[in-house]
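User: Hey, I've got a protein model open and I'm not sure where to start. Can you walk me through it?

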Amino acid sequence: MGIRLGDNQYGKAEVRLVHVNRETPVHSIKDINYSSQLRGDLESVHTEGDNGKCLPTDTQKNTVYAKAKEWGGVGAIEDFALKMARHFVEEHDYVHGARQEVEEYAWERITTGKGAHDHSFVRTGAEVRNTVVTKDGGSEWVVSGFSGLTVLKSTGSEFHGYPKTKYTTLAETDDRILATDVTARWRYIGTDVDWDKTYESVKALALEAFAETHSLALQQTLYAMGKAVLEAHPEIAE
């Protein structure tokens, strides 16, 4: 039986980067968790232990820090990940593709009796913005989203008419509290997108659909949230 190396990638996970912009008296924070994975001509390192085409994961980590400084910060995480993917593929001829994954943690300025403080911050809710950027030769695609968006509606939700078995204990109801954590992903068509503006719009549309849909099933509500996003944003494929 022949043995061959299948599709593979390797890289550096969870590179923590916090950029504090202090160019004006009102500061801002960018807090991300970055993971880099590379694909390419990597057979010899796997089959022979030849590291001649194995860019160290520590170098990948240092490159993230260096490029963030060189580019004046991170900006929209989709833009940063695209530029990083292009750098790795274009800089190293043995790297044919790159998968870059980013999580962003939100901070807001602390509000005092005098208003929003210029340089004191508090982490906002559990919601985490994220993106996965993949470059494979000349092809590029972006999948963005969020996780941990906790939502609750205190009425306007029902659940009944479901199959009953001898193990069913749940009672039917025409008025229940619906609470859950939402994780969402959406795939963009192309890369010419206002990432920050679109992200805020998608989240707002999803929340509006959650609030306005009289829910007969959680699945129905989730479908309505996705449908609202697709109808409003032709630059999103799914």
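Analyst: Sure, we'll go through the core, some rings, a helix and a few strands. Keep in mind that this is a predicted model.

User: Okay, which residues touch the most other members of the largest nonpolar core?

Analyst: Those are Ile32, Tyr34, Phe80 and Trp186, out of 47 residues in that core. The largest share, eight residues, comes from helix H3, which covers residues 77–91.

User: Why would nonpolar stuff sit together like that?

Analyst: As a general tendency, nonpolar side chains in soluble globular proteins are buried together.

User: Let's look at Tyr34. Is Tyr34 buried or exposed?

Analyst: Tyr34 has a relative accessibility of 0%, so it counts as buried. Skipping neighbours within four places in sequence, its contacts include Lys12, Val15, Val64, Phe80, Met84 and Val102.

User: How many aromatic pairs are there in the structure?

Analyst: There are seven aromatic pairs. In one of them, the ring centres of Tyr34 and Phe80 are 5.6 Å apart and the planes are at 85 degrees, so this pair is edge-to-face. Tyr34 belongs to strand S2 (residues 28–40) and Phe80 to helix H3, so the pair ties together parts that are 46 residues apart in sequence.

User: And Phe80, buried or exposed?

Analyst: Phe80 is buried, and its relative accessible area is 0%. Phe80 also forms an edge-to-face pair with Trp71, at 5.7 Å centre to centre and 80 degrees between the planes. Trp71 is partly exposed, since its relative accessible area is 27%, between the 20% and 50% cut-offs. Tyr34, Trp71 and Phe80 form one aromatic cluster.

User: Cool. Which rings have a charged end sitting over them?

Analyst: Phe210 is one: the charged end of Lys153 sits over its ring, 5.6 Å from the centre. Tyr162 is another, with the charged end of Lys164 over its ring at 4.3 Å from the centre.

User: Back to H3. What span should its 15 residues have?

Analyst: At 1.5 Å a residue, the span should be 21 Å. The end C-alpha atoms of H3 are 21 Å apart, so the model agrees with that. If you're wondering about the 15, the expected span uses one less than the number of residues.

User: Which of its residues are buried?

Analyst: Among them are Ile77, Phe80, Ala81, Met84, Ala85 and Phe88. Glu78 and His87 are on the list of buried residues too.

User: Why might spots three or four places apart behave alike in a helix?

Analyst: An α-helix has 3.6 residues a turn, so residues three or four places apart point the same way.

User: What do the buried residues of H3 pack against?

Analyst: They pack against S2, helix H2 (57–70), strands S3 (95–112), S4 (115–136) and S5 (139–153), and helix H4 (195–212).

User: Switching to strands: how do S1 and S2 run?

Analyst: S1 (residues 10–21) and S2 run antiparallel, joined by 10 bridges. A hairpin of six residues connects S1 to S2, and Arg16 stands opposite Asn33 in S2. S2 also pairs with S3 in the antiparallel sense, over 10 bridges, with Leu38 opposite Ala98 in S3.

User: Last one: where is Tyr65 found?

Analyst: Tyr65 is in helix H2. With a relative accessible area of 34%, Tyr65 is partly exposed. Leaving out residues up to four places away in sequence, Tyr65 touches Val15, Arg16 and Leu17.

Definitions and conventions
Residues are numbered from 1 along each chain as its sequence is written. This is a predicted model: local features need pLDDT of at least 70, side-chain atom pairs count only at pLDDT 80 or more; totals for chains, interfaces and linings use all residues. Side-chain values use heavy atoms; hydrogens and water are left out. A nonpolar core is a set of buried Ala, Val, Leu, Ile, Met, Phe, Trp, Tyr and Cys residues joined through side-chain atoms within 4.5 Å. Buried means under 20% relative accessible area, exposed over 50%, partly exposed in between (1.4 Å probe, protein chains only). Helices (H or I, at least four residues) and strands (E, at least two) are DSSP runs, numbered from the N terminus. Contact means heavy atoms within 4.5 Å. Rings of Phe, Tyr and Trp (its six-membered ring) pair if their centres lie within 6.5 Å; planes under 30 degrees apart count as stacked, over 60 as edge-to-face and the rest as tilted. A charge sits over a ring if NZ of Lys or CZ of Arg is within 6 Å of the ring centre and within 35 degrees of the ring normal. Two strands pair if DSSP finds at least two bridges between them.
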